[in-house]
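User: I am new to this structure and would like a close look at a single part, the surroundings of the ligand. Please take me through them carefully.

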Amino acid sequence: MPELIDGKAVSEKIKSELKAEIELMNAKGKKVCLAVIQVGEDPASTVYVGNKEKACKSLGIVSLMHKLPETITQEELLSLIENLNKDLTVNGILVQLPLPAHIDSGEIIKAIDVNKDVDGFHPENVGYLCTGKEGFVSCTPAGIMELLKHYNIDTVGKECVIAGRSNIVGKPMALLMLKGNSTVTITHSKTKDMKEVTKRADIFIAAIGKPKFFTGEYIKDGAVVIDVGMNRDENNKLCGDVDFNSVSGKASAITPVPGGVGPMTIAMLMYNCVKAAKRQYGAAFE
Ligand code: NAP
């Protein structure tokens, strides 16, 4: 059996350290506050937003919920973001995606103050990641790097293959692994002979959104396998992009779904909120 990479345990450790930091900040009269905007009532978004709210509460972060109707206009949404940008009591702003089709998500993300962009999706923060400068990093890839660090999985000189090229997971993940001195390959829906590519990976990261797509045939013996996928299988059970049972015979270490990458995403969001607050409150808190 491969080593199980326990994202739940690592995320709990990170959150308890953050909680202690937040208590210290509170004792100095400074609160940490995250504003969350949800447009419409997409059930998956409601679950994600609920989990974020719960995590804030357990750490002592103030969460300001803005649940807006599906019919809201782009201008109204931009005006809310402008107000939150100006609000000194708000440290982080998160707009739950996807937004309805009549709203231009790119414009909305660009409107968020880059110093409050705790999701790390603002083009300026993406640019900082790309050029190796300090900024906010997308939470899921950042959480995966924390997992690798926690389990002493060396990235230097390793062949890393990432399946999926989304702006939220695949691309920032590739940049982080590059920063970690891996040799990085990204595959996508137009990749020819996927197996030939994924079998080169010492570290394989699956983020395509297809239930149990990657079986043992895609994996090199001894590879570290990170499963980002969050899907429902034929029995409506939560599962990843990796066929856990099939890949377990090949991998040296693997993240489960649930309990792997998912909890780390929330922990890194909380980390980014604390980072945003420290930046806003200045040197005394850094
Ligand atoms: P996305 O925006 O839909 O991107 C999917 C990517 O996978 C695209 O680049 C697509 O290629 C590629 N792809 C799709 N089918 C493929 C196939 N058959 N073979 C090869 N590549 C294929 O998805 P995402 O937002 O990155 O999310 C990916 C998965 O991670 C989803 O299951 C999502 O729920 C999950 N997720 C989990 C967390 C977490 O916290 N655990 C966070 C975010 C996302 P093209 O670019 O060519 O279309």
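Analyst: In this predicted model, an N or O atom in the side chain of Asn231 lies 3.2 Å from an oxygen atom of the ligand. Two further residues make polar contacts of this kind: a polar side-chain atom of Ser166 is found 2.5 Å from a ligand oxygen atom, and for Arg165 a polar side-chain atom is 2.7 Å from an oxygen atom of the ligand. As for how much of the ligand is covered, the protein buries 71% of the 920 Å² that the ligand exposes when taken alone.

Widening the view from these contacts to the whole shell, there are 20 residues around the ligand, and those that come nearest are Arg165, Ser166, Ser189, Met230 and Thr265. Sorted by class, this shell holds ten polar residues, eight nonpolar ones and two charged ones. Among the structural elements, helix 10, which spans residues 261-281, gives the most to the shell, with three residues.

Helix 10 also appears in the account of another part of the model, since the elements that give two or more residues to the lining of the second largest pocket are helix 1 (7-27), helix 5 (123-131), helix 6 (139-150), helix 7 (170-179) and helix 10. That pocket has a volume of about 650 Å³, and of the 29 residues that line it, Ala142, Glu146, Lys149, Met268 and Tyr271 lie nearest its centre. By class, the lining of the second largest pocket consists of 14 nonpolar, nine charged and six polar residues.

How values were computed: Residues numbered from 1 in each chain as written. Predicted model: local features only at pLDDT ≥ 70, side-chain atom pairs only at ≥ 80, totals over all residues. Heavy atoms only, no water. Near = heavy atom within 4 Å. Polar contact = N/O pair within 3.5 Å; in protein donor to acceptor, adjacent residues only side chain to side chain. Areas by Shrake-Rupley, 256 points an atom, 1.4 Å probe, with all protein chains shown as cover. Helix = DSSP H or I, 4+ residues; strand = E, 2+ residues; numbered from the N terminus. Nonpolar A, V, L, I, M, F, W, Y, C, P; charged D, E, K, R; others polar. 1 Å grid on protein atoms, 1.4 Å probe; cavity = no way out; pocket = protein on both sides within 12 Å on 5 of 7 lines; lining within 4 Å. Points joined across faces, edges and corners; volume = space filled by probe spheres on them.
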